[in-house]
Amino acid sequence: MKKRVFSGIQPTGTIHIGNYLAAIRRWAITQAEHESIFCIVDLHAITVPQEPKLLKAKNLEMAGMLLAAGIDPEVSVIFVQSRVSAHAELAWILNCIIPMGWMLRMIQFKEKSQRHKEQASTGLFDYPALMAADILLYRTGLVPVGEDQRQHVELARDVAERFNSRYGPTFELPEAVIPEVGSRIMGLKDPTKKMSKTGDDKDNVLGVLDPPDQIRAKIMKAVTDPLREIRFDPERPGIHNLLVIYELFSAEGRQAIEQRFAGKGYAQFKAELAEMVIEGLRPLQARFCELMKDQGYIGRLLEEGADRIRPVAEGTLNTVKEKVGLGLPVLRGS
Ligand code: AMP
Ligand code: TRP
């Protein structure tokens, strides 16, 4: 049976190869297998402070990136989250059935709120409820994401189960689809932490739009180890991460890669990796530049996407409101 696929990406920071390899590229590859919906989640973005003018531009830029990566608007729906108000509305209703205890367990909140301390917003805490609303509104079966989002998708599933058992069958139970390889691309400078869109050290993040010289420089500076042996070994996070990136760009098997670099030095491996990444990203970068010349086209596509999908979201929201008992009863008399 065909299931609906839904995933989202925040229109913030630098779109990096972790986003690309674990999410965007896979969305494009599998889009025709199911009915696919991809959402640029600007309401999630404002859980931390954003520059208003920049945020709108970022929505457009992210859409350009999704299109450049091969998401076909004839096949998939792309839209901006805030253009379908049912997301925020369902999030509120879900808030009222999610126990605080579930939310307090969310690792991403613990990590992000550490960075923002007392300034962390209530929205940042509530982030997973909005994400659950995104997913459940479309009766989504499959949610393709990176490893860091697994816990949030599980929460959405738990919320769906809780709602269904309290109010009767309403929501499909969603499942996270996480790639076996590359579900967590690590930082180049600190390979013990995931590569992240928003970070201070630019050399830690390999941007999808980085020009060739920058890609070369960043990869050459990437942290490895003194062992000098090029082998897939998760215990050696730096070289392992670079090998995983090589694997995903080359589509070669692990053994073949290890053989290719047997007895060779890190410098040579890094140089070849850099060329592989540069060539891998070249067509995407070219398409992105081309697409961004016609922002009106991208804007229209996003609005059409929202218009196509809004009735589905509103249908679910109305069912939910009925079940919860919101609004007026059927009235008698004039
Ligand atoms: P975000 O950058 O938080 O908007 O994430 C967009 C998508 O990229 C989500 O599916 C994330 O799970 C995925 N993602 C983010 N960072 C990484 C990373 N370092 N490695 C793999 N996937 C990632
Ligand atoms: N929280 C996700 C991230 O940062 C983005 C997101 C928002 C999402 N809503 C979603 C992903 C719904 C999948 C499904 O990566």
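# A guided tour of two ligands, two cavities and an aromatic pair

Begin by selecting Q10 together with ligand 1: a polar backbone atom of Q10 lies 3.0 Å from an oxygen atom of the ligand. The model on the screen is a predicted one.

**First stop: ligand 1**

Keep ligand 1 in view and add G146, where a polar backbone atom is 2.8 Å from an oxygen atom of the ligand. Next, select M195; here a polar backbone atom lies 2.8 Å from a nitrogen atom of ligand 1. On its own, ligand 1 would expose 480 Å², of which the protein buries 93%.

Now show the residues that surround the ligand. There are 18 of them, and the closest are G146, D148, I185, M195 and K197. G146 and M195 thus appear among the closest residues as well as in the backbone contacts just visited. Colouring the shell by class gives six nonpolar, eight polar and four charged residues. To see which element contributes the largest share, select helix α1, residues 17–30, which supplies four residues of the shell around ligand 1.

**Second stop: ligand 2**

Return to Q10, this time displaying its side chain. A polar atom of that side chain is 3.3 Å from an oxygen atom of ligand 2. Q10 therefore serves as a landmark for both ligands, through a backbone atom for ligand 1 and through a side-chain atom for ligand 2, within the polar-contact cut-off of 3.5 Å.

Select Y127 next: an N or O atom in the side chain of Y127 is 2.6 Å from a nitrogen atom of ligand 2. Then turn to Q149, which places a polar side-chain atom 3.0 Å from a nitrogen atom of the same ligand. Of the 360 Å² of accessible area that ligand 2 has by itself, the protein covers 91%.

The shell here comprises 13 residues, with Q10, Y127, M131, D134 and Q149 coming nearest. Seven residues of the shell are nonpolar, five are polar and one is charged. Select strand β1 (4–9) and helix α7, each of which supplies at least two residues of the shell. The element that gives the most is α7, with four residues.

**Third stop: the cavities**

How many cavities of 30 Å³ or more does a search of the whole structure find? The search finds two.

For the largest, select M106, Q108, F109, K112, L124, Y127, P128 and H152, which form its lining. The elements that each give two or more residues to this lining are α6 (107–116) and α7 (122–137). The volume of the largest cavity is about 50 Å³, and its lining consists of five nonpolar, two polar and one charged residues. Y127, already seen beside ligand 2, is one of these lining residues.

For the second largest cavity, with a volume of about 40 Å³, select P11, T12, G13, I15, K58, E61 and M62, the residues that line it. By class, three of these are nonpolar, two polar and two charged.

**Last stop: an aromatic pair**

The structure holds 10 aromatic pairs. One of them is formed by F163 and Y167, whose rings are tilted, 4.6 Å apart from centre to centre and with 40° between their planes. Show helix α8, residues 150–167, to place the pair: F163 and Y167 both lie in this helix, four residues apart, about one turn.

Methods
Residues numbered from 1 in each chain as written. Chains lettered and ligands numbered in written order. Predicted model: local features only at pLDDT ≥ 70, side-chain atom pairs only at ≥ 80, totals over all residues. Heavy atoms only, no water. 1 Å grid on protein atoms, 1.4 Å probe; cavity = no way out; pocket = protein on both sides within 12 Å on 5 of 7 lines; lining within 4 Å. Points joined across faces, edges and corners; volume = space filled by probe spheres on them. Nonpolar A, V, L, I, M, F, W, Y, C, P; charged D, E, K, R; others polar. Near = heavy atom within 4 Å. Polar contact = N/O pair within 3.5 Å; in protein donor to acceptor, adjacent residues only side chain to side chain. Areas by Shrake-Rupley, 256 points an atom, 1.4 Å probe, with all protein chains shown as cover. Phe/Tyr/Trp six-rings, centres within 6.5 Å; stacked < 30°, edge-to-face > 60°.
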